[in-house]
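Subject: Handing over a structure

Hi,

I am passing a structure on to you, and I thought a short tour might help you find your way around. Please open it alongside this email.

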Amino acid sequence: MVYGCCHYRLFTLGAEELFRFTDGAFRLAIRETGAPANVQNRPFVSLMKWAQEHSFIDVKTAKRWHVRRKSRNFALHTAP
């Protein structure tokens with residue numbers, strides 16, 4: 001991402017990889033809680049809601065994850 005300051009396409013590629021990494025880390029954390037398989041395969045927003053409903057994340061943390069999710073969607077679905 002350092003080179004991305006000079007090259008926008010490299011910056012977006014770096015951001016995409018960071019978002020992919022954090023999504024995977026969140027899913028892995030949910031898997032380690034012993035969540036059922038049908039929960040682990042849910043879309044990301046549904047998975048976050050499940051984690052909050054089952055007290056794995058609090059309201060403040062859930063809000064931060066939703067902001068990150070919206071940032072990810074904006075970055076990945078908005079053409080330069």
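Below is what I found, going from the whole chain down to a few single residues.

First, a word on where this comes from: it is a predicted model. The mean pLDDT of the chain is 84, and 90% of the residues score at least 70. Among the elements, helix α3 (residues 44–53) has the highest mean pLDDT, at 90, and helix α4 (residues 59–77) has the lowest, at 85.

The overall picture

The chain contains four helices and zero strands, which gives the pattern α-α-α-α when you read along the sequence. Its C-alpha atoms fill a box of roughly 45 × 20 × 20 Å along the principal axes. There are 80 residues in the chain, and 26% of them count as buried. If you take the contacts with a separation of 6 or more, 30% of them are between residues 24 or more positions apart.

Helix α1

A good place to start is helix α1, which covers residues 8–32 and so has 25 residues. From its first C-alpha to its last, α1 reaches 36 Å, close to the 36 Å expected at 1.5 Å a residue. Which of its residues are buried? They are G14, A15, F19, D23, F26 and I30, and these buried residues pack against α3 and α4. After α1 comes G34, which has a positive phi near 90°.

One residue of α1 to look at is R27. With a relative accessible area of 26%, R27 is partly exposed. Setting aside residues up to four places away in sequence, R27 touches Q40, N41, R42, P43, F44 and L47. Of these, R42 is 15 residues from R27 in sequence, and the two are 9.7 Å apart in space, C-alpha to C-alpha.

Helix α2

Helix α2 spans residues 37–40, and V39 is found in it. Is V39 buried or exposed? Its relative accessibility is 3%, so V39 counts as buried. Apart from neighbours within four places in sequence, V39 is in contact with L47 and W50. V39 and R27 are twelve residues apart along the chain, and their C-alpha atoms are separated by 9.9 Å.

Helices α3 and α4

Two packed helices are described by the angle between their axes and the distance between the axes. For α3 and α4, the angle is about 175° and the axes are 10 Å apart. Angles over 145 degrees count as roughly antiparallel, and α3 and α4 are therefore roughly antiparallel to each other. On the α3 side, the contact is made by F44, V45, M48 and Q52. On the α4 side, V59, A62, W65, H66, R68, R69 and R72 take part. Sorted by type, the residues of this contact divide into six nonpolar, two polar and three charged.

The loop between α3 and α4 holds S55. Most residues other than glycine have a negative phi. S55 has a positive phi of about 60° although it is not a glycine. With a relative accessible area of 64%, S55 is exposed.

If you want a short route through the model, begin with the buried residues of α1, which pack against α3 and α4. Then turn to the contact between α3 and α4, and finish at S55 in the loop between them.

Happy browsing, and do write back with any questions.

Best wishes

Technical notes
Residues are numbered from 1 along each chain as its sequence is written. This is a predicted model: local features need pLDDT of at least 70, side-chain atom pairs count only at pLDDT 80 or more; totals for chains, interfaces and linings use all residues. Side-chain values use heavy atoms; hydrogens and water are left out. pLDDT is the predictor's confidence in each residue, from 0 to 100. Helices (H or I, at least four residues) and strands (E, at least two) are DSSP runs, numbered from the N terminus. Axes are lines fitted to C-alpha atoms, for helices over the stretch in contact, and angles run from 0 to 180 degrees between N-to-C directions. Angles under 35 degrees count as roughly parallel, over 145 as roughly antiparallel, 65 to 115 as roughly perpendicular and the rest as oblique. Contact means heavy atoms within 4.5 Å. Ala, Val, Leu, Ile, Met, Phe, Trp, Tyr, Cys and Pro count as nonpolar, Asp, Glu, Lys and Arg as charged, and the others, Gly among them, as polar. The expected span of a helix is 1.5 Å times one less than its number of residues. Buried means under 20% relative accessible area, exposed over 50%, partly exposed in between (1.4 Å probe, protein chains only).
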